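Colleague: I'd like to go through the labels on this model and hear the reasoning behind each one. Can you put it up?

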Amino acid sequence: MTALLMQKAGYECIGVHMQLTSEPGPDAAGARIIADRLGIPFHIFDLSERFHDEVILSFVEGYESGETPNPCIACNRHLKFDALLQIADQLDCQHLATGHYAQIEHDALLGRWVVRTAVDTGKDQSYVLYTLTQKQLARVILPLGSYCKSDVRKMAAEAGFPNAGKTDSQDICFVPNGDYAGYIETYRGEPCQSGDMLDGEGRVVGRHKGLIHYTIGQRKGLGAHGRPVFVQAINAEDNTLTIGDDEGDLLAQNFLVRDYNGVALSKEELSSAHPISCSIKVGYKHSQKPGTIEVVSLDNVQYVRVTYDQPQRAITPGQSAVFYNGNHDKDGDKVLGGGIITCLE
């Protein structure tokens with residue numbers, strides 16, 4: 001539908017499919033059918049090696065380090081925009097159009113390109129686009145951002161596209177069954193190392209089956225303890241898992257973010273400002289919550305310190321925190337920037 005809408009807007013289009021595995025899959029054949037129907041050239045680019053190095057490997061290493069990474073963020077950053085814009089240059093194309101549900105526009109007041117939430121807030125993907133640079137944003141077009149997903153499906157059906165009723169993807173594409181730990185063990189060719197399960201006082205209360213099987217706030221799979229317990233902390237250095245029965249211990253009000261990328265709010269503006277009020281989103285399916293952000297320097301490394309107005313549950317290192325222009329009364333529709341959650345304070 002992106003290609004069709006771009007054609008109708010008067011653009012000359014070239015279709016590109018990213019091959020992320022050793023052989024082209026069924027999606028490549030489906031994309032070629034659409035391209036033929038639209039009468040546009042079609043190319044398959046083998047990006048499987050880069051996908052492994054930039055996405056899969058960082059996903060595996062992130063889990064092994066005790067974090068819970070989001071490979072979709074890495075894929076958008078390194079492949080869907082970095083690699084595809086390089087391919088656009090090879091094909092002598094000015095713009096890159098994708099099917100993301102978000103909106104990009106130039107803010108004359110700010111003098112910057114900004115990312116806004118999609119009209120269809122239930123399908124909004126602005127959260128995964130916070131890594132885009134100003135140079136990239138100037139070349140990216142997102143024609144679906146002003147439509148509801150149901151309308152896009154209807155238009156696709158009217159256009160005779162065979163994938164108009166294709167179900168939405170839910171899981172990580174390279175782990176379709178959702179068994180992340182099983183995937184990592186298969187990738188490494190060996191089971192992960194078990195270790196001590198601790199209570200909040202540091203006492204050993206059991207054994208965990210490998211840290212990659214757990215994430216902050218998890219309740220299931222912790223064994224029998226005579227009461228509901230939750231994962232409170234993951235320590236990869238000591239190979240220990242801390243559990244507790246008080247959900248209140250999962251609440252945190254402050255955390256640090258590394259690798260900040262500014263969209264509507266540049267890093268320079270953030271570093272020179274006092275705490276800035278905003279709305280904070282710490283997961284794709286999470287809602288925005290009000291708080292403030294400010295730059296701090298620890299051991300000569302700059303971080304963004306996030307302070308919620310009210311403590312929030314299960315803030316997870318490795319996930320992305322994305323900041324919007326919201327306030328206490330409503331969600332924001334403009335991405336200020338974002339980064340990777342590194343630790344709680």
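Colleague: Why is D27 called partly exposed?

Modeller: This is a predicted model, and in it D27 has a relative accessible area of 47%. Buried would need under 20% and exposed over 50%, so D27 ends up in between, as partly exposed.

Colleague: And what makes the pair of K166 and D27 a salt bridge?

Modeller: The N to O distance between the two side chains is 3.1 Å. The cut-off is 4 Å between a Lys or Arg side-chain nitrogen and an Asp or Glu carboxyl oxygen, so the pair qualifies. The pair links distant parts of the chain, 139 residues apart: D27 is in helix α2, and K166 is in the loop between α6 and α7. K166 counts as partly exposed too, at 45%.

Colleague: How many salt bridges does the structure hold?

Modeller: There are 12. Another one of them joins the side chains of D82 and R50, at 2.8 Å from N to O. D82 lies in helix α4 and R50 in helix α3, so this bridge ties together parts 32 residues apart in sequence.

Colleague: Why are D82 and R50 called partly exposed?

Modeller: D82 has a relative accessible area of 26%, and R50 has 22%. Buried means under 20%, so R50 at 22% misses that label and counts as partly exposed.

Colleague: What makes D259 exposed while R258 is partly exposed?

Modeller: D259 has a relative accessible area of 54%, and the exposed label starts over 50%, so D259 gets it. R258 has 24%, which puts R258 in the range between the two cut-offs. These two residues also form a salt bridge, with the closest N and O atoms 3.7 Å apart. With the limit at 4 Å, that still counts. Salt bridges with shared partners join E67, R258 and D259 into one network.

Colleague: Where else does D259 turn up?

Modeller: In the lining of the second largest pocket, whose volume is about 440 Å³. Of its 23 lining residues, I73, A74, R77, D259 and I340 are the closest to the centre. At least two lining residues come from each of α3, α4, β11 and β16. By type, the lining divides into nine nonpolar, nine polar and five charged residues.

Colleague: How do you know that N76 is buried?

Modeller: N76, in helix α4, has a relative accessibility of 3%, and under 20% is buried, so the label follows.

Colleague: What does the side chain of N76 make a polar contact with?

Modeller: The side chain of H100, at 2.6 Å. A polar atom of the N76 side chain also lies 2.8 Å from the backbone oxygen of C72. Leaving out residues up to four places away in sequence, N76 touches F81, H100, V128 and L129.

Colleague: Is S320 buried or exposed?

Modeller: Buried: S320 comes out at 0% relative accessibility, so the under 20% cut-off is met. S320 sits in strand β15.

Colleague: And what makes the link between S320 and Y130 a polar contact?

Modeller: Their side chains are joined at 2.9 Å, and the limit for a pair of N or O atoms is 3.5 Å. Among the residues S320 touches, beyond those up to four places away in sequence, are I73, Y127, K281 and I340. I73 and I340 are also among the residues closest to the centre of the second largest pocket.

Note on methods: Residues numbered from 1 in each chain as written. Predicted model: local features only at pLDDT ≥ 70, side-chain atom pairs only at ≥ 80, totals over all residues. Heavy atoms only, no water. 1 Å grid on protein atoms, 1.4 Å probe; cavity = no way out; pocket = protein on both sides within 12 Å on 5 of 7 lines; lining within 4 Å. Points joined across faces, edges and corners; volume = space filled by probe spheres on them. Helix = DSSP H or I, 4+ residues; strand = E, 2+ residues; numbered from the N terminus. Nonpolar A, V, L, I, M, F, W, Y, C, P; charged D, E, K, R; others polar. Buried < 20%, exposed > 50% of the residue type's maximum accessible area, 1.4 Å probe, protein only. Polar contact = N/O pair within 3.5 Å; in protein donor to acceptor, adjacent residues only side chain to side chain. Contact = heavy atoms within 4.5 Å.
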